[in-house]
Amino acid sequence: MCIRFVYRGRDLITGFNFDIDPAQWDHRILQREDCFSIGILRPDGRRHCYHGVNRNGNVGTLLYVHGNPAGAYRAEEGCMTVADLTEAFVLGQLTWEGALEVLQTKRITYAPDATMQAMLSDKSGRTLLVEPGFGFREERGRFSLLANGSLLEPESTRPFALPGDDRYERAAQRLASFGQAFTVADALETLEGVRQEGIWATRVSFVYSAGEQAVYFVQNNRFDQVERFAFPAL
């Protein structure tokens, strides 16, 4: 499931709730000198960094979305999966400009086994919303927010919305209530307010402060146990 936001105040702050069924997705927090990420074990035996923060300020995340046929996976030249795009961004292999060029020149598809959309942002707050099959757009304004529905073609996913799932609306209302002084604590409270329980519970929540060059994170909804990871100075 998941939810992600970017808040452009005095500090550039991004937040992400990683909601999964651990029986389906084997995950582990990876803390490296140049990257903080949630490593997902894939059939190739590697832990891929589809959700994370690079020391250069790139933040990339994938969020589940009900797929559309136009975004179906294609093993063809000129195509790139949204998973590969996001991982390259998180690992610092693509700049924001590089990611934009990929979006302008390649057909972005879903991965072979998962339908996902992405949000990519850099240390200055420039943000790209990527929806395979529908395209992309640059996000502006005080904040950007993405959950599990399409923002480019909302009617395509509206029939699949779960009854009572108003996480997007509640997060948007809360984010809209802040001014320039939006803090890490505010971001963590926002994520806590839209956390999930049950099989698809929130397993990891993280907040990145560009000003501090640090990531604050929580595991398994234990918001009273916040940990901090700081990047070494560039």
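Trainee: Looking at strand E6, residues 59-64: which sense does its pairing with E9 take, and over how many bridges?
Mentor: Antiparallel, and the pairing of E6 with E9 runs over six bridges. Keep in mind that this is a predicted model.

Trainee: Okay. Which residue in E9 does Val59 stand opposite?
Mentor: That's Ser121. Ser121 also has a bridge partner in E10, namely Thr127.

Trainee: How do E9 and E10 pair, then?
Mentor: Antiparallel again, over four bridges, with E10 covering residues 127-131. The two strands make a hairpin that has five residues between them. In that turn, Gly125 has a positive phi of about 95°.

Trainee: Is E9 enclosed or open, and why?
Mentor: Largely enclosed by the rest of the structure, because six of its six residues are buried.

Trainee: And which residues sit on which side of E9?
Mentor: Met116, Ala118 and Leu120 are on one side, with Gln117, Met119 and Ser121 on the other. Both faces are covered. As for the every-other-residue pattern, side chains in a regular strand alternate between the two faces of the sheet.

Trainee: Stepping back a bit, where does Ala114 lie?
Mentor: In the loop that links strand E8 (107-109) to strand E9 (116-121).

Trainee: Is Ala114 buried or exposed?
Mentor: Buried: its relative accessible area is 15%, and the cut-off for that label is under 20%. Its C-alpha is 9.2 Å from that of Tyr73, although 41 residues separate the two along the chain.

Trainee: New topic: helix H1. How many of its residues are buried?
Mentor: Eight of nine, so the helix at residues 82-90 is mostly covered. The buried ones are Val82, Ala83, Leu85, Thr86, Glu87, Ala88, Phe89 and Val90.

Trainee: What follows H1?
Mentor: Gly92 comes after the helix, and its phi is positive, near 80°.

Trainee: Last thing, cysteines. How many disulfides does a search of the whole structure find?
Mentor: Zero. Take Cys49, which is in no disulfide: the nearest cysteine sulfur belongs to Cys35 and is 5.0 Å away. The cut-off for a disulfide is sulfur atoms within 2.5 Å, so that pair doesn't count.

Trainee: Is Cys49 buried or exposed?
Mentor: Buried, with 2% relative accessibility. Cys79 is buried too, at a relative accessible area of 19%. That value still falls in the buried class because the limit is under 20%.

Methods. Residues numbered from 1 in each chain as written. Predicted model: local features only at pLDDT ≥ 70, side-chain atom pairs only at ≥ 80, totals over all residues. Heavy atoms only, no water. Buried < 20%, exposed > 50% of the residue type's maximum accessible area, 1.4 Å probe, protein only. Pairing = 2+ DSSP bridges.
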